Amino acid sequence: MRNANVYERLGARTVVNAKGPVTRLSGGLLDPEVADAMVEASRHCVNMTDLHARASEIIAETTGAESGVVTAGAAAGLMVGAAACIAGLDPAKMERLPDTAGLKNEIIVAQSHRNFYDRLVRAAGARIVQAGISDRLAGTGVRDPEPWEIDAAITDATAAVLYLAMPGQRPPLADVVKVAHARGVPVLVDAASQLPPAGNLKRFIAEGADLVAFSGGKAIGGPQASGILAGRRDLIASAALQMLDNDVLFENFDPPARFIDKSKLRGLPRNGVGRGCKVGKEEIVGLLVALQRFAGGDEEIRRKAWLKTTEAVAAALAGTRHAEIAIVPDSYKPGMPGVRLTLDEKRAGLSGLEFARRLERGEPAVYADVNRAEQGIVTFAPFSLRPDEPAIIGKRVKEILG
Ligand SMILES: *Cc1c(COP(=O)(O)O)cnc(C)c1O
């Protein structure tokens with residue numbers, strides 16, 4: 001029995017998260033340095049525009065972008081990023097969102113890039129225009145549109161192109177940027193889960209993206225409800241203006257010019273479409289400390305720490321009946337190791353899905369990667385595990401499989 005923690009005191013329960021930093025399992029664990037910084041942040045008040053402005057500089061340094069803003073997650077970044085692409089620096093347009101009748105309100109997405117997060121750009125008022133057909137029939141392997149098909153989808157109403165970053169994604173970002181920029185259209189990149197490698201913090205900006213959204217609560221190791229939107233100074237200013245509480249007299253509004261250039265504004269939107277995605281000072285500070293650790297840290301040291309936890313899980317699972325245990329180097333994503341358990345469903349008398357279900361419904365609940373449970377494969381990822389949890393995983397698996 002573990003000592004009573006705040007969850008138990010509140011009558012809630014904790015779980016063993018061997019899936020990784022997913023939102024439904026509360027992300028990961030904060031490094032004490034990050035958590036302490038958040039507590040310290042909670043002990044002072046600040047001018048939020050000034051704090052955001054300083055955050056912008058740190059994001060700029062770590063991403064190579066002109067500017068940046070801390071958002072309530074990558075999804076929130078997509079929403080305020082889309083709002084920025086639609087409204088620009090016109091407060092009248094900001095005031096109208098999410099009503100976009102008569103505004104540039106189309107956001108082009110390759111059909112093969114479509115996913116359930118792209119509704120966030122619609123939440124800002126955009127209409128999604130799909131380019132290409134994801135053909136699963138063609139033996140030629142045609143899946144993704146060509147850059148010219150994205151070009152062909154651009155009209156006078158196009159506000160942006162939304163690009164989902166993934167390893168090996170097609171068409172290449174640089175090619176999409178080329179056709180979009182030739183028509184004066186910005187490119188908004190969803191790179192929520194493209195870290196590590198830490199080099200990707202700079203990569204999409206370097207390839208020409210106008211805005212890039214990252215999750216703060218995934219590999220960066222920031223608060224679960226944090227993210228980064230990095231990019232062009234004018235678009236970040238617009239995104240920030242639509243998130244911040246600007247309920248002040250325009251005469252008294254005095255943001256640092258590198259963050260929001262007041263001389264480019266004819267007035268202030270009060271509480272914009274992004275207000276529902278606000279972040280607190282604690283999230284901003286926690287994210288910044290985590291970001292500096294992530295960007296400055298040694299990738300190899302991090303990988304070794306994950307590998308060590310992975311090996312502890314493998315050791316705890318050694319000798320499990322009716323299952324093969326193997327360490328896989330790229331379970332969660334490239335470079336992130338994990339332990340793959342392959343169940344002999346016949347001999348165990350148990351399907352992979354039922355095995356996963358029992359793990360999740362046990363005490364304590366153990367959540368693993370069950371994407372391939374139907375093939376009898378369950379994978380344990382180290383990223384969100386506490387030091388005592390590899391042994392708990394071993395115990396629970398052996399209770400189920402004998
Ligand atoms: C996780 C994820 C998101 C959402 O990120 P949050 O930081 O949780 O808001 C968006 N897009 C993709 C591709 C993701 O993997």
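Thr 379 is found in strand S12 of this predicted model. With a relative accessibility of 12%, Thr 379 counts as buried, because the limit for a buried residue is under 20% relative accessible area. Leaving aside residues up to four places away in sequence, Thr 379 touches Ala 18, Ser 331, Val 339, Arg 340, Ala 368 and Asp 369. Two of these contacts, Val 339 and Arg 340, lead to strand S10, which spans residues 336-343.

Strand S10 is paired with S12, which covers residues 377-380, in the antiparallel sense, and 4 bridges join them. Within this pairing, Leu 341 stands opposite Val 378 of S12. S10 also pairs with strand S9, residues 323-333, again in the antiparallel sense, here over 7 bridges. Val 339 in S10 is the bridge partner of Ile 327. S10 is mostly covered, as 6 of its 8 residues are buried. In a regular strand, side chains alternate between the two faces of the sheet.

The hairpin formed by S9 and S10 has 2 residues between the strands, and in this hairpin Gly 335 adopts a positive phi near 85°. Ahead of S9, His 322 is found in the loop that follows helix H12 (299-317). Phi of His 322 is also positive, at about 60°, although the residue is not a glycine. His 322 is buried, with a relative accessible area of 15%.

Most residues other than glycine have a negative phi, and most peptide bonds are trans. Ser 26 is a further departure in phi, with a positive value near 75° in a residue other than glycine. Ser 26 has its place in the loop between strand S1 (16-18) and helix H2 (32-41). Departures in the peptide bond occur at two prolines. The bond from Leu 97 to Pro 98 is cis, with omega near 10°, and Pro 98 lies in the loop between helix H5 (91-96) and strand S3 (106-110). The bond from Leu 195 to Pro 196 is likewise cis, with omega near -10°; Pro 196 is found in the loop between S6 and H9.

Both S6 and H9 also belong to the surroundings of helix H8. The buried residues of H8 pack against helix H7 (147-153), strand S5 (158-164), strand S6 (187-190) and helix H9 (200-206). In H8, which comprises residues 173-182, the buried positions are Leu 173, Val 176, Val 177, Val 179 and Ala 180. An α-helix has 3.6 residues a turn, so residues three or four places apart point the same way. Just after H8, Gly 184 takes a positive phi of about 75°.

These local features belong to a protein chain with 15 helices and 12 strands. Its radius of gyration is 23 Å, close to the 21 Å that the globule rule gives for 402 residues, so the chain is as compact as a globular protein of that length. Along the principal axes, the C-alpha atoms fill a box of roughly 70 × 60 × 35 Å. Of the 402 residues, 51% count as buried. Among contacts with a separation of 6 or more, 67% are between residues 24 or more positions apart.

The surface and the charges complete the description. The protein chain exposes about 18,800 Å², of which carbon and sulfur atoms supply 51%. There are 50 positive and 48 negative side chains, and the centres of the two sets lie 4 Å apart.

Key: Residues are numbered from 1 along each chain as its sequence is written. This is a predicted model: local features need pLDDT of at least 70, side-chain atom pairs count only at pLDDT 80 or more; totals for chains, interfaces and linings use all residues. Side-chain values use heavy atoms; hydrogens and water are left out. The radius of gyration is taken over C-alpha atoms; the globule rule is 2.2 Å times the number of residues to the power 0.38. Buried means under 20% relative accessible area, exposed over 50%, partly exposed in between (1.4 Å probe, protein chains only). Contact means heavy atoms within 4.5 Å. Accessible areas come from the Shrake-Rupley method with a 1.4 Å probe; for residues, only the protein chains shown count as cover. Lys and Arg count as positive and Asp and Glu as negative; His and the chain ends are not counted. The place of a charge is taken as NZ of Lys, CZ of Arg, CG of Asp or CD of Glu. Two strands pair if DSSP finds at least two bridges between them.
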